[in-house]
Amino acid sequence: MKLDIVVPFYNEEECLNEFVGTLKSSLDKVSGISYTYYFVDDGSTDRSPDILDTLAKSDERIHVIPLWENHGHQKALIAGLDQCRGDAVLMMDGDGQHPAETAVKLIQVYLQNPEFAVVQGVRGGRQQSLWKDWTSRFFYWIINKMVPETRIVPGSSDFRLLNSDALHLIRSYPDRHRNLRVLLASLKLPTVFIDYIPDLRLGGYSKYGWRRMVGLAVDGLFAFSSFPLRINLFLMLVSGFLGIGYAIYSLVVYLKGQIVPGWTSTIALIALLFCAMFGALAILSEYVSRIYEDVRQYPLYHIRPDRRSTKQSREVPVNFLREDGREKEGEGTL
Ligand code: UDP
Ligand code: MG
């Protein structure tokens with residue numbers, strides 16, 4: 001099997017030497033596979049490109065893809081995926097947080113279960129900071145609520161192996177703002193999940209500050225859900241009910257003669273105008289969401305690579321292999 005390995009990095013001079021050394025020595029022990037490494041330099045401004053150039057000179061399997069400037073982790077990953085020509089691709093971070101032993105495990109699980117299109121690493125344990133832990137839980141919760149057809153297993157990271165069918169599918173999505181985790185979850189490919197505990201960074205600092213994390217979450221949400229636009233419809237209904245209720249109430253109060261002249265008509269008018277305004281916005285939103293769907297040019301259909309029926313492939317269990325090799329119970333089907 002030909003395996004491509006995609007590693008995006010941005011200013012990781014303190015990590016790269018050790019990361020590449022450990023990864024190569026672990027992977028070289030897995031027999032029957034030839035590797036090509038694609039290190040995507042996401043506009044680094046430190047010594048990381050020099051370090052990789054030196055490593056590439058001594059190992060022809062290492063390729064460096066230098067991006068013009070810093071485009072962000074997701075786009076760097078896509079740039080790497082676009083280069084891949086092998087039978088499968090493994091993506092992992094270049095800071096050493098995705099353990100090399102788990103990478104070996106992802107590969108072995110795929111070799112033993114080639115019916116899976118995705119072998120997905122799922123972060124176990126707690127994140128480095130409570131803040132990251134909570135925000136990531138909140139992100140998965142909100143995505144799973146707002147995009148009902150998507151079910152992301154909390155903790156899913158960009159540490160995964162894809163077969164060439166899955167890679168092909170991902171490439172057919174032309175979004176400029178891509179969140180691979182949500183995209184993959186929405187495709188519902190046969191997936192096996194592997195728990196892992198992230199290591200500490202080999203050095204340096206996290207490049208995912210709160211602004212980037214919010215950006216990633218927003219990309220995931222807005223690309224797959226027009227729910228935010230449809231809030232207008234909901235607001236129209238709420239203001240309509242409230243408006244009618246309030247108009248009736250003010251009429252009753254008026255008939256009882258307990259009010260200042262002009263109050264009833266003002267209140268009723270305001271309430272009904274709000275309803276009409278949200279109604280007009282709801283209609284606009286509906287058009288905007290259709291324009292959006294057309295503009296982003298999602299593939300209209302996917303052709304199944306195998307001859308299994310949709311029902312059969314949906315029955316693929318969401319396997320969740322644990323560290324000790326036991327399967328978690330009750331994970332259900334996709
Ligand atoms: N990264 C990148 N471009 C960026 C930010 C990060 O290529 O703009 C890389 C980074 O070098 C690392 C991976 O993406 O290999 C994950 O980033 P980081 O470790 O900073 O995120 P965290 O693990 O803290 O969520
Ligand atoms: Mg990291």
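Here are some friendly notes on this predicted model, point by point.

1. **The H1/H2 pair.** A good place to start is helix H1, residues 16-27, which packs against helix H2, residues 48-58, at an angle of about 35°. Their axes lie 10 Å apart, and the crossing is right-handed. On the H1 side the contact is made by Leu16, Asn17 and Val20; on the H2 side it is made by Ser48, Ile51, Leu52 and Leu55. By class, these residues come out as 5 nonpolar and 2 polar, with no charged residue in the contact.

2. **The nonpolar core.** In soluble globular proteins, nonpolar side chains tend to be buried together. Here the largest nonpolar core has 57 residues. Val6, Val89, Leu90 and Leu161 are the ones with the most contacts inside that core. If you want to look at one of them, try Leu161: setting aside neighbours within four places in sequence, Leu161 is in contact with Ala88, Val89, Leu90, Leu106, Ile107, Tyr110 and Val119.

3. **The surroundings of ligand 1.** Ligand 1 is surrounded by 16 residues, and the closest are Pro8, Tyr10, Asp42, Ser206 and Lys207. Strand S1 and helix H3 (73-81) each contribute at least two residues to this shell. The shell is mixed in character, with 5 nonpolar, 6 polar and 5 charged residues.

4. **Asn11, a backbone angle to check.** Asn11 sits in the loop between strand S1 (2-9) and H1. Its phi is near 50°, a positive value in a residue other than glycine. Is Asn11 buried or exposed? Asn11 counts as buried because it has 20 C-beta neighbours inside 10 Å, and the cut-off for buried is 20 or more.

5. **Lys188, with a positive phi too.** For Lys188, phi is near 50°, again a positive value in a residue other than glycine. This lysine lies in the loop between helix H7 (180-187) and strand S7 (191-196). Lys188 counts as partly exposed, because 16 C-beta neighbours fall inside 10 Å.

6. **Ile267 in helix H10.** Ile267 is placed in helix H10, residues 263-295. Which residues does Ile267 touch, not counting those up to four places away in sequence? They are Tyr246 and Ser250. With 19 C-beta neighbours inside 10 Å, Ile267 counts as partly exposed; the reason is that buried requires 20 or more. For a sense of distance, the C-alpha atoms of Ile267 and Arg137 are separated by 43 Å, and the two residues are 130 apart along the chain.

Definitions and conventions:
Residues are numbered from 1 along each chain as its sequence is written. Chains are lettered from A and ligands numbered from 1 in the order in which they are written. This is a predicted model: local features need pLDDT of at least 70, side-chain atom pairs count only at pLDDT 80 or more; totals for chains, interfaces and linings use all residues. Axes are lines fitted to C-alpha atoms, for helices over the stretch in contact, and angles run from 0 to 180 degrees between N-to-C directions. Helices (H or I, at least four residues) and strands (E, at least two) are DSSP runs, numbered from the N terminus. A crossing is left-handed if the near helix is turned anticlockwise from the far one by less than a right angle, and right-handed if clockwise. Two residues are in contact if their C-beta atoms, placed from the backbone, lie within 7 Å. Ala, Val, Leu, Ile, Met, Phe, Trp, Tyr, Cys and Pro count as nonpolar, Asp, Glu, Lys and Arg as charged, and the others, Gly among them, as polar. A nonpolar core is a set of buried Ala, Val, Leu, Ile, Met, Phe, Trp, Tyr and Cys residues joined through C-beta atoms within 7 Å. A residue is buried if 20 or more other C-beta atoms lie within 10 Å of its own, exposed if 12 or fewer, and partly exposed in between; C-beta atoms are placed from the backbone. A residue is near a molecule or strand if its C-beta atom, placed from the backbone, lies within 6 Å of it.
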